[in-house]
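Here's a walk around the ligand and the pockets of this protein. Have the model open and follow along.

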Amino acid sequence: MRISGKDLSVKLKAEMAASMPSIEEKYGRVPHLAVILVGEDPGSVSYVTGKAKACEAVGIKNTTIRRDASISEEELLGLVRELNADPLVDGILVQLPLPKHIDENKVIETIALEKDVDGFHPLNVAALWQKRPCTVACTPKGIMKLLAQAGVEVKGKKAVVVGRSNIVGLPVAKLLLDANATVTIAHSRTENLAAVTREADILVVAVGRPHTVTADMVKPGAVVIDVGVNRDPESGKLCGDCDTDAVEAVASAITPVPGGVGPMTITCLMENTIELFLRSR
Ligand code: NDP
């Protein structure tokens, strides 16, 4: 079975769109997401365009602010502070990565906690790890929704997350733990990765390298979530971190790339924007 993030995101976006007229009627305006894009990195431009399209589909107001890659750190921080102070902006997203001369951590820390739509602010991260109310990062949140939609029981299962980044690996491991899975986090220094991944009932792969997970690394019947977004070196096509066709023959379910985790990340961004708007009312 392929777990379609595309189908689920269409459904969830339609539900959000249906709720928008009553939100507007009750509060006098719709939620507003401000996105800052620095430079012209093609990947970033494409992500920001996708986010703007999703806002349009849902009925969320979107402002994309584009700045040249030469912008100074101080100028960028100033822009973030302006948006923090704007009562008509509910969510602020600074598209990463930023040019090398800008300290990403400083920028993330400058976003007001109540407008941190990506859930990357250290206080949001701390709240997640302490099981307190917080804004959950979009990709991990989307992964949990995909598992729920596919009817995957997480409780008591052995979950292996390959990758330990702040934006995917670590938070998804915490969400799986909170859902009562027994969680192992693997990474580039893990010895005998295949033996570790073969233990997984639920395998989440967030590495950023094609062919990282092959069929022989997957336990028969496992559920595989492929987070990777890569270009296949041979075909030039978009691909994930897993050998999807071969893994599908062993696994009970897998997310495709494209059309799996990616659309859910954007959909959860919409959900987070609405949540921040409602929380601040
Ligand atoms: P990072 O580069 O920040 O992290 C990659 C992780 O993979 C690291 O923890 C690294 O280990 C680990 N790793 C690298 N090589 C291996 C290996 N050979 N074996 C085991 N582990 C390895 O990436 P991100 O977490 O930001 O992203 C991962 C992938 O997910 C990328 O392809 C990215 O484009 C995609 N992505 C997709 C999203 C979506 O919405 N679909 C959203 C965000 C990301 P170590 O810590 O030891 O270096």
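## The ligand and its pocket

An oxygen atom of the ligand is 3.5 Å from a polar backbone atom of V227, a polar contact, meaning a pair of N or O atoms within 3.5 Å; within protein, one must be able to donate a hydrogen and the other to accept it, and residues adjacent in sequence count only if both atoms are side-chain atoms. Keep in mind that this is a predicted model, where local features need pLDDT of at least 70, side-chain atom pairs count only at pLDDT 80 or more, and totals for chains, interfaces and linings use all residues. Residues are numbered from 1 along each chain as its sequence is written, and side-chain values use heavy atoms, with hydrogens and water left out.

Side chains reach the ligand too. R164 has a side-chain N or O atom 2.7 Å from a ligand oxygen, and for T265 a polar side-chain atom is 2.6 Å from a ligand oxygen. On its own the ligand exposes 920 Å², and the protein buries 70% of that (Shrake-Rupley areas with a 1.4 Å probe; for residues, only the protein chains shown count as cover).

There are 21 residues around the ligand, and R164, S165, S188, V229 and T265 come nearest (near means a heavy atom within 4 Å). Helix α10, residues 261–280, supplies the largest share of that shell, three residues. Helices (H or I, at least four residues) and strands (E, at least two) are DSSP runs, numbered from the N terminus.

So where does the ligand sit? It's in the largest pocket, with more than half of its atoms within 2 Å of the pocket's grid points. A pocket, on a 1 Å grid over the protein atoms alone, is an open set of points where a 1.4 Å probe fits, with protein on both sides within 12 Å along at least five of seven lines; lining residues have an atom within 4 Å of a point.

The largest pocket holds about 1,400 Å³ of space, and of its 49 lining residues, Y47, T139, V229, G262 and T265 are closest to the centre. α2 gives the most to this lining, eight residues.

The second largest pocket is lined by residues including L96, F120 and N166, with α4 giving the most, four residues.

| Site | Nonpolar | Polar | Charged |
|---|---|---|---|
| Shell around the ligand | nine residues | 10 residues | two residues |
| Largest pocket lining | 25 residues | 16 residues | eight residues |
| Second largest pocket lining | six residues | two residues | two residues |

Here Ala, Val, Leu, Ile, Met, Phe, Trp, Tyr, Cys and Pro count as nonpolar, Asp, Glu, Lys and Arg as charged, and the others, Gly among them, as polar.

Terms used. Points joined across faces, edges and corners; volume = space filled by probe spheres on them.
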